[in-house]
Amino acid sequence: MYCLGTSLLHPPFREINFSVIGQYVDYLVKEQGVKNIFVNGTTGEGLSLSISERRRVAEEWVTKGRNKLDQVVIHVGALSLKESQELAQHAAEIGADGIAVIAPFFLKPWNKDVLINFLKEVAAAAPALPFYYYHIPALTGVKIRAEEVLDGIQEKIPTFQGLKFSDTDLLDFAQCVDQNRQRQFAFLFGVDEQLLSALVMGATGAVGRMCCFLSSTYNYLGKKTNQMLEAFERKDFSSALNHQFCIQRFINFVVKLGFGVSQTKAIMTLVSGIPMGPPRLPLQKASREFTDNAEAKLRSLDFLSFNDLKDGNLEACS
Ligand SMILES: CC(=O)N[C@@H]([C@@H](O)[C@H](O)[C@H](O)CO)[C@@H](O)CC(=O)C(=O)O
């Protein structure tokens, strides 16, 4: 069974508006069918928050998500090993379902063994929590292939549960799956516009009770992505492809306008009605022009719950 998760969008420029997290949980569950959350990751600007803010955000998601969400995985990666360990320990104390860690990206690990030593020390701070390696080389600048990182990782990190792979190198991703077929790892794929290709290569969250995909556009295209996952599961590949093309039409459009965390927040505010606030520096708020164009595209693809364009709308996806 495939299911869906999302990365937390959130911190407004100055103060985090914790009060909307309950509403956010309900929106994701009811409107998008998203029940697996990745907190304080890329989209959630986890690395732009202070440690105390990260702790509080994690607490809110775990508390507000209780009995509503399936999994709340907290990203605890940091440049300081000590801070990362503190966050890992905290995630365990508050009852999170797992932790994830990126490679440290200022003083970088120069090979696989050094990276694993770092990850191992973080995992050891939460010895009962499933551990995920979050591979996002375009942002960390750490180019060590995930395939290499996974080689023998369970011997070093007994709680290793899986990989969150946010990169377009499908050869590397497929090798991770192929070389670990005997192991019960979760292979979560984070490039939303390529998810179908990754599913074919073996992307799956299904490991025991763990079942999730974690990414950004699921905040507002979760329903559509779920339709693709369902079609894939029932082996209706033609429908699955149509859904993926449809998602791509939107992503391709916004990528050309300039798409990132700030723009994701603007789109999510527009679609959900929940104020996500602007991003933190060094990010800049999405322009009004971007938001207007994105809205027009969402409408033309029938991704918004307005019906005003349905008649004669050739582009609509539903
Ligand atoms: C670089 C980046 O932000 N990638 C996004 C994708 O969801 C991405 O926005 C999407 O595929 C569009 O390119 C996610 O992989 C990031 C993510 O999962 C996170 O917020 O932790």
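I take buried to mean under 20% relative accessible area. Asp 172 sits at 2%, so I log it as buried. I keep in mind that this is a predicted model.

**Entry 1: Asp 172 and its partners**

I looked up what Asp 172 pairs with. Its salt-bridge partner is Arg 145, with the closest N and O atoms 3.9 Å apart. The pair links distant parts of the chain, 27 residues apart. Asp 172 belongs to helix H8 (residues 170-178), and Arg 145 to the loop between H5 and H6. I checked the cover on Arg 145 as well. Its relative accessible area is 29%, so Arg 145 is partly exposed. Then I asked which residues join these two in a network. I found Arg 145, Glu 147, Asp 169 and Asp 172 linked by salt bridges.

**Entry 2: other salt bridges**

How many salt bridges does the structure hold? I noted 14. Side chains of opposite charge can pair when their charged atoms come close. I followed up two further pairs.

Asp 151 and Lys 112 meet through their side chains at 3.9 Å, N to O. This pair also links distant parts of the chain, with the two positions 39 residues apart. I placed Asp 151 in the loop between helix H6 (146-150) and helix H7 (153-156), and Lys 112 in helix H4. Is each partner buried or exposed? Asp 151 has 52% relative accessibility, so it counts as exposed. Lys 112 has a relative accessible area of 16%, so it is buried.

Glu 60 forms a salt bridge with Arg 56, and I noted 3.8 Å between the closest N and O atoms. Both lie in helix H2 (residues 51-65). They are 4 residues apart, about one turn of the helix. Glu 60 is at 14% relative accessible area, so I call it buried. Arg 56 is at 39%, so it counts as partly exposed.

**Entry 3: the largest pocket**

I turned to open space next. The largest pocket holds about 950 Å³. I counted 37 residues in its lining. Which of them lie nearest its centre? They are Thr 42, Tyr 134, Ile 136, Leu 139 and Val 261. I then sorted the lining by type: 15 nonpolar, 16 polar and 6 charged. Four elements each supply at least two lining residues: helix H5 (137-140), strand E8 (214-215), helix H11 (237-257) and helix H12 (261-272). H5 gives the most, with 3 residues.

**Entry 4: the cavity**

I searched for enclosed space too. There is 1 cavity of 30 Å³ or more. Its volume is about 30 Å³. I listed the lining: Asn 40, Arg 54, Ala 58, Ile 74, His 75, Val 76, Leu 87, His 90 and Ala 91. By type, that lining divides into 5 nonpolar, 3 polar and 1 charged. H2, strand E3 (71-75) and helix H3 (81-94) each supply at least two of the lining residues. I asked which element gives the most. That is H3, with 3 residues.

**Entry 5: a nonpolar patch**

Last, I looked at the surface. Leu 79, Phe 106 and Leu 107 make a nonpolar patch of about 390 Å². I located Phe 106 in the loop between strand E4 (98-101) and helix H4 (112-123). Why do I log Phe 106 as exposed? Its relative accessibility is 64%, and the cut-off for exposed is over 50%.

Conventions: Residues numbered from 1 in each chain as written. Predicted model: local features only at pLDDT ≥ 70, side-chain atom pairs only at ≥ 80, totals over all residues. Heavy atoms only, no water. 1 Å grid on protein atoms, 1.4 Å probe; cavity = no way out; pocket = protein on both sides within 12 Å on 5 of 7 lines; lining within 4 Å. Points joined across faces, edges and corners; volume = space filled by probe spheres on them. Nonpolar A, V, L, I, M, F, W, Y, C, P; charged D, E, K, R; others polar. Patch = residues over 30% accessible without salt bridge, like charges linked within 9 Å, V, L, I, M, F, W, Y side chains within 5 Å. Areas by Shrake-Rupley, 256 points an atom, 1.4 Å probe, with all protein chains shown as cover. Salt bridge = Lys/Arg side-chain N within 4 Å of Asp/Glu carboxyl O. Buried < 20%, exposed > 50% of the residue type's maximum accessible area, 1.4 Å probe, protein only.
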